[in-house]
Amino acid sequence: MRPILVWVKQGKKQRHLVSADSHTAQHFIVKNPKLCALCILLSLCLSSCAFFVPNQYLPFIALFNGVLLLQGRYLGGGVKGLFLLFTTQLAITCALYLLLHGGERIDEAMLAVIRILLAIIPGWWLSITCAPQRIGEVLSWCMPHKWAFVMAACFSLLPRIGLEVKDTYQMQVMRGANITPKALCRPKHWGELIYCVLYPLLIQLLKLSKQMALAAKLRRFGVHHKPTHWPD
Amino acid sequence: MQNKGFTLHDALFIGFCATLLVALKGMLRLKLGLTGHSMFLMTFFYLICYGAVGKKGAITVCGVLAGLMAMMLSVGKGGPFIVLKFALPAAAMDLCLLVLPTVLALRWRCIILALVGTVAWASKGTIEDVLVGLSFEVVLLQLGKSLVFGSFFAILAALLVPPVLQRLRSHDLLDREEL
Amino acid sequence: MQLLQLRQISFHYQTAAKPLFDDLDFTLNAGDCQMIHGHTGSGKSTLLKLILGVMERPFAGERHCAPQLCLGVVMQDPNVQLLRQTLGAEVAFALENLGVAATNMHAQVSQALRKVGLFISLETPIETLSLGQRYRLMIAAQLVLQPDILLLDEPWAQLDNQGVQELTVLLAQLQQSGMAIVIVEHHKRAFSSCVTHRWLLDAGQLHPYQENDAELEPALLGITGGRTKLNASAMQAPVIHAEPFKVGFSGQPLLFQSAALRLYPGEIVALTGDNGTGKSTLLKCLAGIQADVGNLGISVLNQRPKLGVYGHQLALLHQRPSRQLFESSVIEEMQFSLKRYGLPLERAPQMLARLGLSALASQSPHQLSYGQQHLVALASLACLQPQILLLDDPFAGLDSGFFCQVAKLILTLSEQGCAIVLASHRPLDLLPIDQVWHISDKRMQCFAGDGLTQNEAYSRVG
C-alpha cells in the first residue's frame, strides 16, 4: 500500500511556529521520504548512543555529531540555541557538583553535560535537513488512516491556530485584559489568560473539529476500507 | 467513561488540542525559563481532553500527537526523544485513570492526575540524568527540584480545568454528561 | 424528477421557547435553484442539516430522497471544509475515500476544476487562493462526486461582488446540467438570475417569498435621517493623520499606497475594497497590532500606534467578533472592559436597554444567535465610549434587523464624537458616511462623502 501522501509542499506560514531558530525552505535538503525515514532512525540511534555508549566510545559519537553540527551550520541552522542550552546546563550542573561534591568530581559533571548535548544535536540536525511535512509523511506510514488524516489536518491548521491565538490575544489586550507580558509575570493573572484567550480558543476548536468532521464525512471519509491516495 | 473508540470529531478535537499545546509552547518559548513550566500547558490540555472527550486513552493520544508535532516542528529541540517527554506523562495519567474512582470530585481527580503526570515527567528527566552519569546526590536534587516546580505548575493548571469544563458544559458546548 | 422531499417536519430545541420547525414541507426537483431566506436564528442552517440528513437530534416527520442520491455542500465559511494543502489533493479527497485508483484521479480532478473555472496548477497551495477561489475550489471538491444536489450556506456575505458574479454564472451552468441547487441566503437580491423558487423561513414553515424593495430602507432611513454631525469648524486636531504612505509586508511586494489621511472626531469612514486588498491590514496598522509592517508614519491620537497604549480610547472589532466572547453571561461580558478600565459599570445595562437586549443580560453569550453575539461584542466595545472605533466588516452575515441595530449604534457613537472606520468588501449602501477610503489596484484613494450614502458619494466623484 502507498504511504498516506497527505503531506505536501512546504507552506510558508507554517515556519512561523518552527522554534526559536526557524529555518528557510532551502535547509530542508532531504526530499525523499525514505531518506527522511533513514534520517529519523539515524537521529534516534545517535541520540540513544549519547545516553548508552560507554565513555571510551564517546569520542566516535562526538565526531559523528561534530559532522552533523558542521552540516547543520553549513545549511544555515542557528547554533545559538544549542550554545545557550549547553552553557546553562553546564553552569547548573557544575554548580550542583561544586555544592555537593567539591571541585574534584567536576569532570564528571562536564562529561554528563556533553552527553546531554550529544543527545540533542541529532534532533537539531533532523529539524534542519528534513521538512516537517516529510517527517509527517514518514510517521503516517505506521499510523491508521484516521489518525494520519488527523495529523495532516492539525498540520494544515497550524498557521490558522497561530493566527487565531494572536488575534484573540490582541483583542483581549485591547479590551483591557491583564495578559500583557508584564502582567503575566504575576501568577494571579494566569487565570485571566486561560479565560480570555485559551477558553475562547477551545470553544473555536470544539466547533471547528465538529465542522471538519462533518465536512470529511460528507466527502465520504471512512466509507472505503482501503482509501487510495492523490499522487503527490 | 465510555470506551467505544474515538469518533472523527473526538479525534480531530484531540489533535487540535495537541496542536494548540505545541503551538503555544513554540510561541511562548519558555524553554530556558523556570523548571516545570511545560507541565502547566501539558496538564491543562491533557485534562481538557479528558474532560471534553471523556474516553479512555484520550490523554495518551493527545500526548503522542503533541510529541509527534513537536518532533516535526522541532519545538524543544529534543528530536525523536521529545515524543517521550509529551507521551510519558499522558500515558501515566491514563493509567492512573484506570484505578481512580470516578466518585471523586472532578477537582481532586484533576489534581491527582496532574501529580501523577508530574511524577512521570520528572522520572523521565531522572532516567536521563542517571544515563548520562550524574552522581546520585545530583540526580536526587534535580528530581526534587523537578517534582516541586512541576507539581506547582501542574496543580495550577489542574485547578483551572474544572471551571473551564463547567463553563463549556453550561454553554451547551459539551455533549458528554458523565463527568 | 423529484430528488428530495421533507414532509411535516417538526423540530424543537430543548432550550428554545418555540419549535424551530412546525409541519415544514419542502420538495426539490432536478434543475431547481431554490433560495431560502430567513432572519438570523430562523433555522436556515438547521434546515440545511436536515436536507443533508446529518441532524444530531431527533425530529418528527419524513425525509424521502431518490435512491443513490448524492449531496454536496459548501458551508458558510469554506475554510472549515478545506482539509488538504494543495488544490489537486483537496479536490481528490472524496475520490481517495471512494478508493478511486490514483491513475484515474487526475482527469476527474481537472474536469471538476475546469467546471468551476479554476485554471491553475494542481500543485497550487490553497493558502495562496483568494476567498472567491476557495469557494469555487470547494464546489469543485463536491462536483467530483457528481452530486445531484448542491447546497450553499450564505455565499453572498463571504464573497465580494466579483466573486458573487462568478458564482452566479457557475450556478446557472450547473442548473442547466440538471443539478438541483439550494441556497440559504439572507441577502434578497443575490443570484436572482438563476433562482427558480424563493422561500421565507418564518415561524417554523417555508412561505413563498415576494420581493419587497421597501423592506429595509424605511427602517434604516428612520435611523439615519436624524443624524446630527459635529460641526467641522468646531473640530480640533484630527484623531488620525498621516502623510502619503505605503503598506507592505517586509520582503513582499507592496500591498497598496495611500494618499494623506485625516480623520476628525465624529466622522464615519467607509474603508472599501475587494477581498485581500489590505483593509484588515490597514485597520490593524491603525491599532498598532500588525506585525511585519514597518513604521508607516501614521499618527493615531497623536502617537505611533502600538498595542496597549490607547487603553479604552481606541477599540477594534475583528471579523467574527463572537471569538472575543468568554464570560458566563452577557452582562459580565459587557462589564469586562469597564471593570478593567475603571469605568462606570452602569453603562453596560444602559447599553443593553438601548439595544433592546436587556432580556438577554443573564444568558450565556454562547447560546445567542449569530446576530445577537455580533451585537453584544460590538456593544461591549461601544460601552467604553472610545475616541476611535475600528470595525472590520461589521455587517457580515447580519440580516436586515441586526443591520439596522448595528447601524443605529454606529451613528449614536459618531454623534458622541467617536471617529469610526468601517471596513467592508462592498459599498455601504444606506449608511451616511463622511469619507471613503477605497483600495483598488494597489492604491488607496480618499474622498469626502459629506454625510451622503456611499453610492451617492461614488456617483459624485464619477
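Start by selecting chain C. With 462 residues, a compact globule would have a radius of gyration near 23 Å, and chain C has 24 Å, which agrees; the radius is taken over C-alpha atoms, and the globule rule is 2.2 Å times the number of residues to the power 0.38. This is a predicted model, where local features need pLDDT of at least 70, side-chain atom pairs count only at pLDDT 80 or more, and totals for chains, interfaces and linings use all residues. Residues are numbered from 1 along each chain as its sequence is written, while chains are lettered from A and ligands numbered from 1 in the order in which they are written.

Stay on chain C and turn it around: its C-alpha trace spans about 70 × 55 × 40 Å along the principal axes. Colour by secondary structure and you'll find 13 helices and 20 strands (DSSP runs, H or I of at least four residues for helices, E of at least two for strands, numbered from the N terminus).

Now select α1 (33-52) of chain A and add helix α2, residues 58-74 of chain A. Their axes are 10 Å apart and the packing angle is about 145° (axes are lines fitted to C-alpha atoms, for helices over the stretch in contact, and angles run from 0 to 180 degrees between N-to-C directions). Show side chains here: A:Leu46, A:Cys49 and A:Ala50 in α1(A) meet A:Ile61, A:Phe64 and A:Asn65 in α2(A), a contact meaning C-beta atoms, placed from the backbone, within 7 Å.

Last stop: show chains A and B together. Their contact takes 62 residues from chain A and 46 residues from chain B. On chain A's side, pick α7 (190-218), which gives the largest share, 16 residues.

How values were computed. Two residues are in contact if their C-beta atoms, placed from the backbone, lie within 7 Å.
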